[in-house]
Each structure stands twice: as C-alpha cells, then as structure tokens.
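Please work through the exercises below with the structure in view, trying each task before reading its solution.

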Amino acid sequence: MIKALTLENFRLFTEKGLVFTERTFITGANGVGKSTVLEAIRILSVGKSFRTSRTDEAVRFNEKFFRLKATVQTKQELELFYGNQFESEGLKERRLTFQGNQIGWIEFFGQFPTVLFTPNDLEIVLGGPDVRRKYLDSVLWQVSAEYRRGQLEFWQVLRERSALLFMIKINRASPDELQPWNELLVKLTNDIRTSRQSYVEYLNGWLEVRIKNLESRINIHYQYDKKQIEEFVPQEIKSAQNLFGAHRDELVIKFDDFSARRFASRGQSRLTVAHLKAAEADYLAEKTGNPVTVLLDDAFSELDTKNTLRLLELFNEKHQLILTSTATLDLPKTWSTIKLG
C-alpha cells in the first residue's frame, strides 16, 4: 500500500506530491500524467517501467536525473534515484533506498507488491505465448527470491548453450561438451515449470470459487513438450538454437473447451484478465504477507460506471485500488479523487 508519493524530474513533472487512500481515482484529460503516476509506483515496486524498456526516457527533458519518494505500507520510506546528480559524472546511478538503507532489487521484491492492469493486458488472452510467460514470471518474481535467481541463471545458461551449439554446428566444438549444460538446463527448467504450474493451480482454484460475470467457464493449462532434452539436440545443433526449456512453454486459456486466444471477444478478454488480476492480488498478499496495491491504468476505458464498479468488486476490499480514467465516474464515497491538469 502506498500512502504518499513525490515525483521529481519524472517525465512531465518537475516536482509533484500526491497522497493516496485505500481507494483513489485519478482523473484528468489525456497527457496530464495519470499513467505517469502509476508508472512511478510500478517502478518503485518492481524496478522497471511498463511504458518503456529504457529508464532514461522517464527522466524529464533537459534534466540529469529523476527521484521518486514514497511512504509505503505502514510508515516505511522508499526512495529511488536514477541518473547523474552532477554534470561531471559518467555512468548513471541507480540507487534504491528502503527505510534509510540502500538495498538491491532482488532483495526488495515483495516488500511493496503491486498488480498492474492496463488495456495492453488483454494480450494475456489474445497475444502470443511470450506474453503469457511474462505474465506468469511477473507474478512469481514478486514472491520468490529463489525463482528470481533461478530464472536469471536460466537465461545465462541459454546464452552460453546457444553459443556452444553454434560452435558445434561449425565443427569448432564437440557435442560431448553439451552434457553439463544439458543437466543444468534441465534442472533450471524443471524448477521454473514447477513454480509456474503451482501458480496455475492456484489460479484455477481461485477461479473455481470466485468466477463471476462470464457465461463460459475459464480453464487454464500450463503446457510444454515432454520430450527429453536429448531428443532435441540434433535439431538444436542444426539450428544453433535452444529448443528445449521453459522459454518455449505455453499458458493455454480456454472458455469451456475453446481457445480464448482464437475465439474470445474483447469484452470476454477484459473480464478474463480482470479475474486473473484479482487472483494475482490475492496470491501476492498471501505469499508476501504485505498489503497489495492494484494499479488500474485506464483498464476499463470502454465501460460505463456500472460495469466498471462490477469489475472493481472482483478485488478483495483489503487491497488498495488506484484507478485512472479520462471519463467522469460516479464512484462510491469511499473513493478519493485526484484531478490532474
């Protein structure tokens, strides 16, 4: 839960202070910074932006750095500095401070858990397998340091093994050299699959109890090729690519027995993702033991107030909700409003 936020040199804001309640509605015209506020909160939670892969782009034009300060959970102080404080500095500094102590992101994850829901998240249903894998990983990164470390090692192994496959292909290395890499890749893949499958089981159990507003039943399955790694090796050498591993797995979402990716409407997709995000919030709260902040960035832009409220009811009342919209919504009195612009 976030109680206060100060943005300094962050995108369009020179300096801006905001106070949040358990239910906060941020409104204003396009371009006044509604998404920017949620971007800043999300960066403080998971260390990266949902709007760009380049942190530099978040620094206000003609400035050298940005600073984000927040009061989270009870009275815990959180600050992120990115950039150069002085003209003479070369490399940009990235410094996270929590309760007065500098801390690394790997150790910080889960202290301030957030769930993000934007219109782009409809791609979880409608997009390709990589989007769904990233969705699973974005949840698990916030709850398990072991998962984070394992996945970082997994990607390193894929890079090293890919280079070796290429060397074997051009007869600069022996296929026997693959064995230790194969063993490590199998172990790391199994660990990742076990964690992902456990979360999918949680999702199915949650949906079984909480499913609402959908005519069809949602079924979620984690799928992967069950062949042994040795069966992939000849083709891997030929293509110089890793064909075995958790990076090729798929999360299949179905309405009854039909593929949601192929047959779901945008309305069905939005309802499905809303359920997934509500389940994610409950999961993060359970696993981290910390209050969860749900960031809803124009997520219900195509809906009227009545249907927006219906989807908001999916989220546990214990979670903090921060909703942005250009539209005027007739929300309950429990909601506070921040008007930007």
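## Exercises on sheets and helices

**Exercise 1.** Determine how many bridges join S12 to S13, and in which arrangement the two strands run.

*Solution.* In this predicted model, S12 and S13 are joined by five bridges and run parallel. A step further, at the level of residues, Leu-296 is found opposite Leu-323 in S13.

**Exercise 2.** Place S12 and S13 in their sheet by giving the order of its strands, and explain which strands stand at the edges.

*Solution.* The sheet is open and is formed by five strands with parallel pairing, in the order S8-S12-S13-S3-S14. Strand S8 (114-117) and strand S14 (336-339) each have a single partner strand and stand at the edges, so one side of each is left without a neighbour in the sheet. Ignoring direction, neighbouring strands of this sheet are turned against each other by 15 degrees on average. To complete the picture, H9 lies across S8 and S12, and runs at about 175 degrees to S8.

**Exercise 3.** Describe the sheet that contains S9, S10 and S11, and find which helices pack on it.

*Solution.* Three strands in the order S9-S10-S11 form an open sheet whose pairing is antiparallel. The edges are taken by strand S9 (218-223) and strand S11 (258-259), each with a single partner strand, so one side of each has no neighbour in the sheet. Between S9 and strand S10 (residues 250-255), which run antiparallel, there are six bridges, and Ile-220 stands opposite Ile-253 in S10. Helix H6 (residues 178-210) packs on the sheet and touches S9 and S10, with its direction making about 170 degrees with that of S9. H9 also packs on the sheet, touching S9 and S10, and its direction makes about 120 degrees with that of S10.

**Exercise 4.** Work out which residues of H10 are buried, why they line one face of the helix, and what covers them.

*Solution.* Helix H10 (residues 305-312) has Thr-305, Thr-308, Leu-311 and Leu-312 buried. Viewed down the axis of H10, the buried residues fall within an arc of 125 degrees, and therefore line one face of the helix. Their cover includes helix H9 (266-288), strand S12 (293-297) and strand S13 (320-325).

**Exercise 5.** Characterise the crossing of H5 and H7 and the residues that make the contact.

*Solution.* The axes of helix H5 (residues 145-169) and helix H7 (residues 229-239) come within 8 Å and cross at roughly 65 degrees, and the crossing is right-handed. H5 contributes Arg-161, Leu-165, Ile-168 and Lys-169 to the contact, while H7 contributes Ile-229, Val-233, Glu-236, Ile-237 and Lys-238. By type, the residues of this contact divide into five nonpolar, no polar and four charged.

How values were computed: Residues numbered from 1 in each chain as written. Predicted model: local features only at pLDDT ≥ 70, side-chain atom pairs only at ≥ 80, totals over all residues. Heavy atoms only, no water. Buried < 20%, exposed > 50% of the residue type's maximum accessible area, 1.4 Å probe, protein only. Helix = DSSP H or I, 4+ residues; strand = E, 2+ residues; numbered from the N terminus. Arc of directions from axis to C-beta. Contact = heavy atoms within 4.5 Å. Pairing = 2+ DSSP bridges. Axes fitted to C-alpha atoms, helices over the stretch in contact; angles between N-to-C directions. Left-handed = near helix turned anticlockwise from the far one by under 90°. Nonpolar A, V, L, I, M, F, W, Y, C, P; charged D, E, K, R; others polar.
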